[in-house]
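Colleague: Could you take me through this one? I'd like to start with the DNA and then move on to how the chains meet.

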Number of protein chains: 2
Amino acid sequence: MSDIKRSRKSTGQVTLTDVAKLAGVSTITISRVLNTPEVVAEETRLAVQKAINQTGYVPNLLAGGLASTKSRLIAAVVPTISGPVFLETIQSLTESLASAGYQLMIGQTGYDQEREEDLISAIIGRRPDGIFLTGVMHSAESRKRLIASGIPVVEAWDLTDKPIDTVIGFSHKAVGSEVAEFLKKKGKNIGIITGTDERAQIRRDSFCKALCGKPLVINVSPPTTIEAGRDGLRQLLKADKKIDAIFCSSDMLALGVLIEAQVKGIKIPSELSVIGFADLGSSRDLEPALSSVHIDGMLIGRLAAEYFTTGAIASKDSAKIIDLGFSITSRAST
Amino acid sequence: MSDIKRSRKSTGQVTLTDVAKLAGVSTITISRVLNTPEVVAEETRLAVQKAINQTGYVPNLLAGGLASTKSRLIAAVVPTISGPVFLETIQSLTESLASAGYQLMIGQTGYDQEREEDLISAIIGRRPDGIFLTGVMHSAESRKRLIASGIPVVEAWDLTDKPIDTVIGFSHKAVGSEVAEFLKKKGKNIGIITGTDERAQIRRDSFCKALCGKPLVINVSPPTTIEAGRDGLRQLLKADKKIDAIFCSSDMLALGVLIEAQVKGIKIPSELSVIGFADLGSSRDLEPALSSVHIDGMLIGRLAAEYFTTGAIASKDSAKIIDLGFSITSRAST
DNA sequence: CTGAAAGCGCTAACAA
DNA sequence: TTGTTAGCGCTTTCAG
C-alpha cells in the first residue's frame, strides 16, 4: 500500500513492478516467467509463480503489445455475422486462434463500402497481428492503407489475381457455370433466386452466361431469408408456370423454395429441382435433402489462423493464392 | 527519413511525432485535434488535419489505450457463435458499439467451464472497457477476477440475484412453467426435446415440475440441430405413440420435428403441437409457422452497448438487474 | 489555446 | 540465468 505521490495516477491494478517487489526479483524476470519460462531457473520461476498467484496479477496486454509490437489480436471483417454463410469460418478462425493464444475482433460492414473504410482504419489503429477480410477488398483507399500498415492480410471467400497479401477462396464464376451445367440436366426452364451482394452477382452472371442468358432471374437484397425464398418461388411461377429447376444463392432461400413448393403441392424433385449454396450445415437433414454447393468454410478459418500465427500456410506451400475449390453435393432435391 | 540511431528499433509506422514535426506543432496538439477538436483553434486544426492526411497517420490505439486506460474495446463471451441463439444479440451489440467508436472482441467457451477461466484472463489482460457475458458467470475464480478488474460487466440471457455488475435477461424458470401451462391446453401427452446446456436445463426442470414430472424428456447435447430434432421426435414416438405436444429448446430442434412429422404424415397442429425457443428469426416463415418463445435478443445487445458506452442504462433507470421478460408467440404449429 | 514534462505497464537490447 | 536501461506511442498534468 505505497502512498507515494505520483504526478499521474496509476490504475490501481497490480503491475509487474508489484509482483517483482514481492518476489524479490526484477520486472523483466517476471516478464520472462510469463513469456519464455524455459530461460528462467526453476527455483526463480516457482517463487515468481507464487507471487503472481498471491497478487492475482493479470498482465496488461496493451502495454505488452505496445512494447513488443505484437498484439496477439486478429481482426475479422464480415458483411454481417448473422447470415449463416461466414459463420463456420469465423467460428473455426476463433477456435484455431484461441488455441494459439490469440483473440478475434469482429467488425461488420453491413455490405456498406463506406463503413468498410472507417472500419479498416479503426482496425489498423489497434495494430492487430493479422486482418481477415471476407471477400476481396475493393476500395483503393483501404487497399493502400492495408498495404502500408504491413499487417498480414487474408482475403477469403473469393479469389483474385492481385491479393493484398494472401487470398483463400474459390471461383464464384466457376460456381455459376458449373451449377448451370448441373441444372441443365435437371430441367428445361431454369431460374435463379439470388442475393445482390457482389459475390452472388458474379455467380449469377456466369450462371446466366452459361445458360445463354435464358434463365429467369429474381434478385433479393440481403439478408437472404426463408421468406425471400418463398416469395421468390411465387414470382418465378408467376413468370413461368413451367419452371422446373432453380439455383438459390443461399440455402436459406432454397429452404424457402422447398417450403413454398410443399405448400403449393409441387413435387420435388420430380416437378422442380432445387439447389442452394454454401451456408446451412443442415441441408442434408431437410426433407427432401437439399442439394447444395459445398464450400469448406471451416478450412478457410483454419488456414487463415495458420497463416496469422505461423506466418505461412505450410500445407499449401506458403502459396499466396489458394484455390480451395467447391463441390456440388447432389441430394434428393435435384 | 531520419536516420537517427536508436537503441531500440521503432516500428517504422508514422507516429504522432512525425505528424507534429510536419505540422510544426507539438504532439499533444495533434492528439487534441483527434480527440477533442473543439479545444483547438480552427487554423491549427486545419494545418494538423492536412499533415495527418499527408502522412497517412493512423493513431496507435494500443498506445492511446495504455496512456488513457480507455481501450474502446468490449469483449463478448459466448458458448459458440455458430448457434443462432446469441447471434442477433452479438450483431446488435457490434453495431451499437461501432456507432460509438467501440470494437467488439469475441471469445468462445464451447460450453466448457475450464476454457471460460482462461478466456476471462486473456480478456481482462486486454483491459477492455466492458465485458459481455452470455449467461451468468459461475466459476468463483472468474467472478473474483472480474470483480477485481473493475471492468463493467453485463451478464445476459439469464437472471440472477447477485450479478457481478449488471444483468440483462429473463427467467428461464418462468419460461419452463409458462410453456408447460401453454402446452397443457394443446395436448395430453407432452414431451420435451432439450439441449443440455445450463439454461436449457433450468427451463426443462421447471417445465417438468409444472407438468408434475410427467413429460417425456429427450436430452440433446449441443449444438441442437435439425437432425437432433428429427431424431428426437422418432424417439418420442417410440416411447409414446400418442405424444401430441412438444416443447423444443431451440427452433432448430423444432424445425427438425416439423420436418420429421411431415415425413411421417403426422398432421400439425391437429395431431401434434410444436413450440420452439428463441433462436430463428424466420420461424414465422416455416410451414406450418412455428410457435416459439420470443426473446428480444437485439434489445439485449443494444442495452448492453448503452451501458458500456455511457455507464448506465437510462431507459431502465440504471437498474442493475433488468428483466426483459419473454412472450409466447402462438402460431400455426400449436 | 498550446506546450513541456512525466509516465501508462511492458519488453528489446545489451551487459553482467 | 538475471538485471539495467531505454524506450514503444500516446495522454495526463500542470504551466504558460
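Modeller: Helices here are DSSP runs of H or I with at least four residues, strands are E runs of at least two, and both are numbered from the N terminus. It's a predicted model, where local features need pLDDT of at least 70, side-chain atom pairs count only at pLDDT 80 or more, and totals for chains, interfaces and linings use all residues. Residues count from 1 along each chain as its sequence is written, while chains are lettered from A and ligands numbered from 1 in the order in which they are written.

Colleague: OK, which element gives the most to the surface near DNA strand C?

Modeller: 31 residues surround the strand, with Leu16(A), Ser31(A), Gly64(A), Ala67(A) and Thr44(B) the closest (near means a C-beta atom, placed from the backbone, within 6 Å). α2 (27-35) and α4 (61-68) of both chain A and chain B each supply at least two residues. The top contributor, with five residues, is α4(A).

Colleague: And what relation links chain B to chain A?

Modeller: Superpose by least squares on C-alpha atoms of residues with pLDDT of at least 70 in both copies. Chain B then lands on chain A with an RMSD of 0.1 Å, after a turn of 180° and a shift of 0.1 Å along the axis. That is the relation of a two-fold axis.

Colleague: Which residue of chain B comes closest to that rotation axis, and what stands opposite it in chain A?

Modeller: Strand β2 (103-108) of chain A is joined to β2(B) by three bridges, and the two run antiparallel (pairing takes at least two DSSP bridges). By C-alpha, Met105(B) comes closest to the axis, at 2.0 Å. Standing opposite Met105(B) is Met105(A).

Colleague: How do the residues on the side of chain B that touches chain A split by class?

Modeller: 46 residues of chain B are in contact with 46 of chain A (C-beta atoms, placed from the backbone, within 7 Å). Elements giving two or more residues to the chain B side include α4, α5 (87-98) and β2. With Ala, Val, Leu, Ile, Met, Phe, Trp, Tyr, Cys and Pro as nonpolar, Asp, Glu, Lys and Arg as charged, and the others, Gly among them, as polar, the split is 19 nonpolar, 19 polar and eight charged.

Colleague: Is α5(A) enclosed or open, and what from chain B helps cover its buried residues?

Modeller: Eleven of its twelve residues are buried, so α5(A) is largely enclosed by the rest of the structure (buried is 20 or more other C-beta atoms within 10 Å of a residue's own, with C-beta placed from the backbone). Chain A's share of the cover includes β1 (73-78), β3 (130-134) and α12 (297-310). From chain B, the cover includes β2.

Colleague: How far apart are the end C-alpha atoms of α11(A)?

Modeller: Eleven of the 14 residues of α11(A) are buried, and those pack against elements including β6 (190-195), β7 (216-220) and α10 (226-239) of chain A. The expected span is 1.5 Å times one less than the number of residues. For α11(A) that should be 20 Å, which agrees with the end-to-end distance of 20 Å.

Colleague: Last one: in β9(B), which residue is the bridge partner of Ala245(B)?

Modeller: Three bridges join β8 (245-248) of chain B to β9(B), running parallel. Ser273(B), Ile275(B) and Phe277(B) point one way from β9(B), Val274(B) and Gly276(B) the other, and all are buried. The partner of Ala245(B) is Ser273(B).

How values were computed
Two residues are in contact if their C-beta atoms, placed from the backbone, lie within 7 Å.
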